[in-house]
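User: Please take a close look at the salt bridges in this model. I would like to know which parts of the chain they connect and how exposed the partners are.

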Amino acid sequence: SIEHPVLVLAAGTSILLLLSSFCFDLRLGSTVQPGNLPQSMQSSQAYSAIRRAFPEATGSDFSIILSGADLAERENDGTVQGFFDRLAELPYLRGPLGSDRSDDDTAARYHFLVDRGMNDPRARALVKQIRGEFIPQAFGSTAVSAILGGTLPYAVDDEVRYGERAPEVYG
């Protein structure tokens with residue numbers, strides 16, 4: 001081996017490539033990304049059917065949950081509509097597409113759709129912008145709390161959670 005280091009290096013590299021060959025098709029990120037499942041599976045077929053028939057309904061969904069004793073007052077004084085008007089200016093974002101009210105009328109859930117996959121950095125940036133800028137500006141001085149829920153905000157939170165655990169390497 002000392003006499004023929006190139007041969008040893010080539011053989012070792014070939015073995016490592018052979019052992020890691022399954023990783024070449026490895027997809028990192030969420031398992032709910034389109035295309036991660038084979039077309040023979042019903043979930044993948046359903047996604048393709050929705051994308052063909054209802055292209056406006058494909059993307060990453062999330063909900064904004066507004067709650068507080070004075071929610072009705074904030075809806076009446078235009079605070080909530082002003083918040084939605086600002087959201088309507090964001091690229092890739094559509095909604096609210098629908099809403100639900102709590103029985104006691106102190107909470108409302110509004111449904112939104114982002115025209116990007118949840119691993120798309122632009123979709124993640126929208127969530128961060130809504131959380132960090134739009135919500136504090138609209139509701140910071142009110143008794144209404146606003147939180148984001150759904151698959152897209154979960155993916156953003158997951159990224160933060162795992163990012164905090166990742167080792168830092170200095171070189």
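**Salt bridges and what they connect**

Analyst: A search across the whole structure, which is a predicted model, turns up 11 salt bridges. Three pairs and one network are described here, after a short outline of the fold.

The protein has 6 helices and 4 strands. Starting at the N terminus, the order of the elements is α-α-β-α-α-β-β-α-β-α.

One salt bridge is formed by the side chains of E133 and R86, with an N to O distance of 3.3 Å. E133 belongs to helix α5 (residues 121-139) and R86 to helix α4 (residues 79-88), so this pair ties together parts that lie 47 residues apart in sequence. E133 is partly exposed, at 31% relative accessibility. R86 is also partly exposed, with a relative accessible area of 29%.

D115 and R94 make another salt bridge, and their closest N and O atoms are 2.4 Å apart. D115 sits in the loop between β3 (107-114) and α5, while R94 is in strand β2 (residues 93-101); the pair links distant parts of the chain, 21 residues apart. D115 has a relative accessibility of 31% and counts as partly exposed. For R94 the value is 22%, so R94 counts as partly exposed too; the cut-off matters here, because buried means under 20% relative accessible area.

Helix α5 takes part again through R131, whose side chain meets that of D157 in a salt bridge (2.6 Å, N to O). R131 is in helix α5 and D157 in helix α6 (residues 151-165), and the pair links distant parts of the chain that are 26 residues apart. R131 is partly exposed at a relative accessible area of 26%, and D157 is partly exposed at 39%.

Beyond these pairs, D70, E73, R74 and D77 are joined into one network by salt bridges that share partners.

Some totals for the protein give the setting. Of its 171 residues, 26% count as buried. Among contacts with a separation of 6 or more, 67% come from residues 24 or more positions apart. The protein exposes about 11,300 Å², and carbon and sulfur atoms supply 58% of that area.

To return to the request: E133 and R86 connect helix α5 with helix α4, R131 and D157 connect helix α5 with helix α6, and D115 and R94 connect the loop between β3 and α5 with strand β2.

Note on methods:
Residues numbered from 1 in each chain as written. Predicted model: local features only at pLDDT ≥ 70, side-chain atom pairs only at ≥ 80, totals over all residues. Heavy atoms only, no water. Salt bridge = Lys/Arg side-chain N within 4 Å of Asp/Glu carboxyl O. Helix = DSSP H or I, 4+ residues; strand = E, 2+ residues; numbered from the N terminus. Buried < 20%, exposed > 50% of the residue type's maximum accessible area, 1.4 Å probe, protein only. Contact = heavy atoms within 4.5 Å. Areas by Shrake-Rupley, 256 points an atom, 1.4 Å probe, with all protein chains shown as cover.
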